[in-house]
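Colleague: I would like a close look at a single part of this model. Pick one strand and take me through its surroundings, please.

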Amino acid sequence: MKVKPLADRILVKMEKTESKTASGIIIPDTAQEKTQTAVVIAVGDDSEKIKVKAGERVMYDKYAGTQVKIDGEDHLILKAADVIAVIE
């Protein structure tokens, strides 16, 4: 399935968090800190508000966005204002 965000929206793929420590202890989902980094997959067509490009890693607000499942993988659709940093 192909998804193209509109206006000042950004489609990102959330990065996976480790569910096991280096020593082998399994961390349950409820105890894990929700990751706030993602890779930009597609951007809307409002170039004045969007300052990121596809392929960049970004940080976003903790409770931002709408979760969507695309081809069995979790993604988020964020507003441009929800992106707080680009990770280089």
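What follows is a walk through strand E1 and the parts around it.

Modeller: A caution to begin with: this is a predicted model. Let me set the scene before turning to E1.

The protein chain has 88 residues. It holds six strands and zero helices. Along the sequence the pattern reads β-β-β-β-β-β. Those six strands make one open sheet, ordered E4-E5-E1-E2-E3-E6, with antiparallel pairing. E4 (66-70) and E6 (83-87) are the edge strands, each pairing on one side only. From one strand to the next, the twist averages 40°. In the sheet order, E1 sits between E5 and E2.

Take the E5 side. E1 and E5 run antiparallel and are joined by five bridges. One pair to look for is Arg-9, which stands opposite Lys-79 in E5.

Now the E2 side. Here too the pairing is antiparallel, and five bridges link E1 with E2. Leu-11 stands opposite Ala-42 in E2. Further along, Met-14 has Ala-38 of E2 as its bridge partner.

Leu-11 also leads to the segment before E1, where Val-3 is found. Beyond its neighbours within four places in sequence, Val-3 is in contact with Leu-11, Ala-42 and Ile-70. So Val-3 touches both members of the Leu-11 and Ala-42 pair. Val-3 and Ala-42 are 39 residues apart along the chain, yet their C-alpha atoms are separated by 8.1 Å. Is Val-3 buried, exposed or partly exposed? Its relative accessibility is 27%, so Val-3 counts as partly exposed; the buried class requires under 20%.

Next, the core. The largest nonpolar core has 14 residues, and Ile-10, Val-12, Val-52 and Leu-78 have the most contacts inside it. Strands E1 (9-14), E2 (37-43), E3 (57-60) and E5 each give two or more residues to this core. E1 supplies the largest share, three residues. In a regular strand, side chains alternate between the two faces of the sheet.

Val-52 is worth a stop. Setting aside residues up to four places away in sequence, Val-52 touches Ile-10, Val-40, Val-43, Val-58, Val-83 and Val-86. Ile-10 is thus one of its contacts, and both are among the core residues with the most contacts.

Back to the E5 side for His-75. This residue lies in E5, which spans residues 73-79. Which class does His-75 fall into, buried or exposed? At 8% relative accessibility, His-75 counts as buried. Its side chain reaches the backbone oxygen of Glu-73 at 3.0 Å. Leaving out neighbours within four places in sequence, His-75 contacts Leu-11, Val-12, Lys-13 and Met-14. The list also includes Ile-41, Thr-66, Gln-67, Val-68 and Ile-70.

Last, the chain as a whole. Of its residues, 28% count as buried. Among contacts with a separation of 6 or more, 60% join residues 24 or more positions apart. The accessible surface comes to about 6,200 Å², and carbon and sulfur atoms account for 53% of it.

To recap, E1 pairs with E5 through five bridges and with E2 through five bridges, and E1 gives the core its largest share.

Notes. Residues numbered from 1 in each chain as written. Predicted model: local features only at pLDDT ≥ 70, side-chain atom pairs only at ≥ 80, totals over all residues. Heavy atoms only, no water. Helix = DSSP H or I, 4+ residues; strand = E, 2+ residues; numbered from the N terminus. Buried < 20%, exposed > 50% of the residue type's maximum accessible area, 1.4 Å probe, protein only. Polar contact = N/O pair within 3.5 Å; in protein donor to acceptor, adjacent residues only side chain to side chain. Contact = heavy atoms within 4.5 Å. Core = buried A, V, L, I, M, F, W, Y, C linked by side-chain atoms within 4.5 Å. Areas by Shrake-Rupley, 256 points an atom, 1.4 Å probe, with all protein chains shown as cover. Pairing = 2+ DSSP bridges. Axes fitted to C-alpha atoms, helices over the stretch in contact; angles between N-to-C directions.
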